[in-house]
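Me: I would like to learn how to read a structure like this one, step by step, beginning with burial and ending with individual residues. Could we take each idea in general terms and then turn to the case at hand?

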Amino acid sequence: MVDPTSELGEDVDEADAPECAACGEKIIQSPTHRVVTWVEDGRVASRHFCSPECKAEYDG
Ligand SMILES: [Zn+2]
């Protein structure tokens, strides 16, 4: 069972860490981590960014 109080970033193994969609950096316990989620073909998809700057860059 997933502990709902463990938010993103706690005890995340580097291998399991998401990569920033803009710069490709592994995102590990980053306070500026941003996640964008949306529904695509009936499934929830997500994209991770290491900072708001990377998100802005990706968004153009
Ligand atoms: Zn980045």
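Reply: Let us begin with burial: a residue is called buried if 20 or more other C-beta atoms lie within 10 Å of its own, and exposed if 12 or fewer do. Please keep in mind throughout that this is a predicted model.

Me: With that cut-off in hand, what percentage of the 60 residues in the protein do buried residues make up?

Reply: Of the 60 residues in the protein, 10% are buried. The largest nonpolar core has five residues, namely Cys20, Ile27, Phe49, Cys50 and Cys54.

Me: Which residues does phenylalanine 49 touch, not counting residues up to four places away in sequence?

Reply: With those sequence neighbours set aside, phenylalanine 49 touches Cys20, Ala21 and Ala22, together with Arg34, and also Cys54, Lys55 and Tyr58. Two of these partners, Cys20 and Cys54, are listed with Phe49 in the largest nonpolar core.

Me: Which pattern does the protein follow along the sequence?

Reply: Helices and strands are numbered from the N terminus, and here the order reads β-β-α, with two strands and one helix in the protein. The strands β1 and β2 pair in the antiparallel sense, over seven bridges.

Me: How many of the seven residues of β1 are buried?

Reply: The count is zero, and β1 is accordingly described as hardly covered. Threonine 37 in strand β1 serves as an example, because with 10 other C-beta atoms within 10 Å this residue counts as exposed.

Me: Which residue of β2 is the bridge partner of threonine 37?

Reply: The bridge partner of threonine 37 in β2 is serine 46, and when neighbours within four places in sequence are left aside, threonine 37 is in contact with Val44, Ala45 and Ser46. Distance along the chain and distance in space should be read separately: threonine 37 and arginine 47 are ten residues apart along the chain, while their C-alpha atoms are separated by 6.4 Å. A further bridge joins glutamate 40 to arginine 43 in β2.

Me: How many residues lie between the strands in the hairpin of β1 and β2?

Reply: There are two residues between the strands of that hairpin, where aspartate 41 takes a positive phi near 50°. Aspartate 41 lies in the loop between β1 and β2, and its phi is notable as a positive value in a residue other than glycine. Aspartate 41 counts as exposed because 5 C-beta neighbours are found inside 10 Å.

Me: Where is glutamine 29 placed, and what is its phi near?

Reply: Glutamine 29 sits in the segment before β1 (34-40), and its phi is near 50°, again a positive value in a residue other than glycine. Its exposure follows from the count of C-beta atoms, because 11 others lie within 10 Å of glutamine 29.

Me: Why does alanine 56 count as exposed?

Reply: Alanine 56, found in helix α1 (residues 52-59), counts as exposed because there are 12 C-beta neighbours inside 10 Å, and 12 or fewer is the limit for that class. From C-alpha to C-alpha, alanine 56 and alanine 22 are 9.1 Å apart in space, although 34 residues apart in sequence.

Me: What percentage of the contacts with a separation of 6 or more do residues 24 or more positions apart account for?

Reply: Residues 24 or more positions apart account for 35% of the contacts in the protein that have a separation of 6 or more.

Definitions and conventions:
Residues numbered from 1 in each chain as written. Predicted model: local features only at pLDDT ≥ 70, side-chain atom pairs only at ≥ 80, totals over all residues. Core = buried A, V, L, I, M, F, W, Y, C linked by C-beta atoms within 7 Å. Contact = placed C-beta atoms within 7 Å. Helix = DSSP H or I, 4+ residues; strand = E, 2+ residues; numbered from the N terminus. Pairing = 2+ DSSP bridges.
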